[in-house]
Amino acid sequence: MVSWKGIYFILTLFWGSFFGSIFMLSPFLPLMFVNPSWYRWINNRLVATWLTLPVALLETMFGVKVIITGDAFVPGERSVIIMNHRTRMDWMFLWNCLMRYSYLRLEKICLKASLKGVPGFENSKSRSNAFAEKNGLQKYEYVLHPRTTGFTFVVDRLREGKNLDAVHDITVAYPHNIPQSEKHLLQGDFPREIHFHVHRYPIDTLPTSKEDLQLWCHKRWEEKEERLRSFYQGEKNFYFTGQSVIPPCKSELRVLVVKLLSILYWTLFSPAMCLLIYLYSLVKWYFIITIVIFVLQERIFGGLEIIELACYRLLHKQPHLNSKKNE
């Protein structure tokens, strides 16, 4: 049954992202064609303001408790995060962890395709087990088998460009209820507790060859399976690892202030934009034209990130082309 909490949560996030894209992000779109780096810098910070909203709603309005154990994050560190998936919503719950270490504005998500198209962990696990049987691998109970091709590709490319400092291996677990999809959130089924266990691996400790890196990744998932087995069959916490709760980069008071300001800002922002559209014809035309631009670029180019990447490559190749012309 649909819950008012779920409706409020989904609608608040949707209208915030909708009006935020039009009135906060769109005015900076021309900057993408002039200086993609500055556009990305501004874009990251604007998007991060919205990412604080689900964190604030989950913890402040719906009482979700977040517990983080293991290794600490280093603020500003360039890192690849690998994480098991227990539900379709893990990627969003991870924001509750990252906000405490000033990582929200830096986060970019890569999801397995099966998590986008298959509802629920059990269906994904059946595919994972079929993959394990086909490749002669161990069948898992608590995790899905990692597809290591994407992981090795990302790590190798970032390492080649000297843009990677560490890999953070995060194990996520839910000691009580485990909402599997957006449908469960709409019904008001929010997790009572979320546990994150973090293990940091400096980049110089990782193997250099592709094959060894794949084996390294598989080893981490074997450890996750055992860690989660101990979690769910034990006292349902990660204290058995011997690593205590990580002190956050931000104080809990500062985190609380950020959450309250986020709820206040986004609660007022969407109605304020609706009022501007209603009162001023110029704003109304800007609103309509911007929506048309968003729809067309998605249909023609496949997304703003594709255009941004093309602009970045074009502008960074330009000096090289000019030097050739001068020769």
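1. A good place to start is the beginning of helix H1, where a side-chain oxygen of Ser3 comes to within 3.1 Å of the backbone nitrogen of Lys5. Keep in mind as you read on that this is a predicted model.

2. Helix H1 covers residues 4-25. With 22 residues at 1.5 Å a residue, H1 should span 32 Å, and its end C-alpha atoms are 30 Å apart, so the two values agree. You'll also see a bend in H1, of about 25 degrees, at Phe19.

3. Which residues of H1 are buried? Phe19, where the helix bends, is one of them, and the others are Gly6, Phe9, Thr12, Leu13, Gly16, Gly20, Ile22, Phe23, Met24 and Leu25. As for what covers the buried residues of H1, the list includes helix H2 (29-32), helix H3 (36-61), helix H4 (90-98), helix H8 (182-186), helix H10 (252-279) and helix H11 (281-301).

4. Now for the sheet. It is an open one with 4 strands, in the order E1-E4-E3-E2, and its pairing is mixed. Strand E1 (65-70) and strand E2 (79-83) sit at the edges, each pairing on one side only. From one strand to the next, the twist averages 25 degrees. As general background, the strands of a sheet pair through backbone hydrogen bonds, either parallel or antiparallel.

5. Strand E3 (residues 166-173) lets you look at both kinds of pairing. E3 and E2 run parallel and are joined by 5 bridges. Going from E2 into E3, Ile81 has His168 as its bridge partner, and Met83 has Ile170. With strand E4 (residues 193-202), E3 runs antiparallel, and 8 bridges join the two. His168 turns up again here: its bridge partner in E4 is Arg200.

6. Is E3 covered or open? Mostly covered, with 8 of its 8 residues buried. Ala166, His168, Ile170 and Val172 point one way from the strand, Val167, Asp169, Thr171 and Ala173 point the other way, and all of them are buried.

7. In E4, have a look at Ile194. Its relative accessibility is 0%, so Ile194 counts as buried. Leaving aside neighbours within four places in sequence, Ile194 is in contact with Val64, Lys65, Val66, Ile67, Phe93, Val172, Ala173 and Tyr174. Val172 and Ala173 in that list are the E3 residues that point opposite ways. Phe93 is worth picking out too: Ile194 and Phe93 are 101 residues apart in sequence, yet their C-alpha atoms are 7.9 Å apart in space.

8. Helix H9 (residues 210-233) gets the same length check. Its 24 residues should span 34 Å at 1.5 Å a residue, and the end C-alpha atoms are 35 Å apart, which agrees. The buried residues of H9 are Leu213, Trp216, Cys217, His218, Arg220, Trp221, Lys224, Glu225, Arg227, Leu228, Phe231 and Tyr232. What do the buried residues of H9 pack against? Their partners are E2, E3, E4 and helix H7 (148-160).

9. Two single residues next. Ser181 lies in the loop between E3 and H8. Its relative accessibility is 11%, under the 20% limit, so Ser181 counts as buried. Not counting residues up to four places away in sequence, Ser181 touches Arg88 and Met89. Arg40, in helix H3, counts as partly exposed because its relative accessibility is 24%, which falls between the 20% and 50% limits. Beyond its neighbours within four places in sequence, Arg40 is in contact with Lys108 and Glu308. For a sense of distance, the C-alpha atoms of Arg40 and Arg229 are separated by 41 Å, with their positions 189 residues apart along the chain.

10. Finally, a backbone check on two lysines. Lys162, in the loop between H7 and E3, has a positive phi of about 55 degrees although it is not a glycine. With a relative accessible area of 68%, Lys162 is exposed. Lys236, in the loop between H9 and H10, also has a positive phi, near 60 degrees, and is likewise a residue other than glycine. Lys236 is partly exposed, with a relative accessible area of 34%.

Conventions:
Residues are numbered from 1 along each chain as its sequence is written. This is a predicted model: local features need pLDDT of at least 70, side-chain atom pairs count only at pLDDT 80 or more; totals for chains, interfaces and linings use all residues. Side-chain values use heavy atoms; hydrogens and water are left out. The expected span of a helix is 1.5 Å times one less than its number of residues. The bend at a residue is the angle between axes fitted to the seven residues ending there and the seven starting there. Buried means under 20% relative accessible area, exposed over 50%, partly exposed in between (1.4 Å probe, protein chains only). Contact means heavy atoms within 4.5 Å. A polar contact is a pair of N or O atoms within 3.5 Å; within protein, one must be able to donate a hydrogen and the other to accept it, and residues adjacent in sequence count only if both atoms are side-chain atoms. Two strands pair if DSSP finds at least two bridges between them. Axes are lines fitted to C-alpha atoms, for helices over the stretch in contact, and angles run from 0 to 180 degrees between N-to-C directions.
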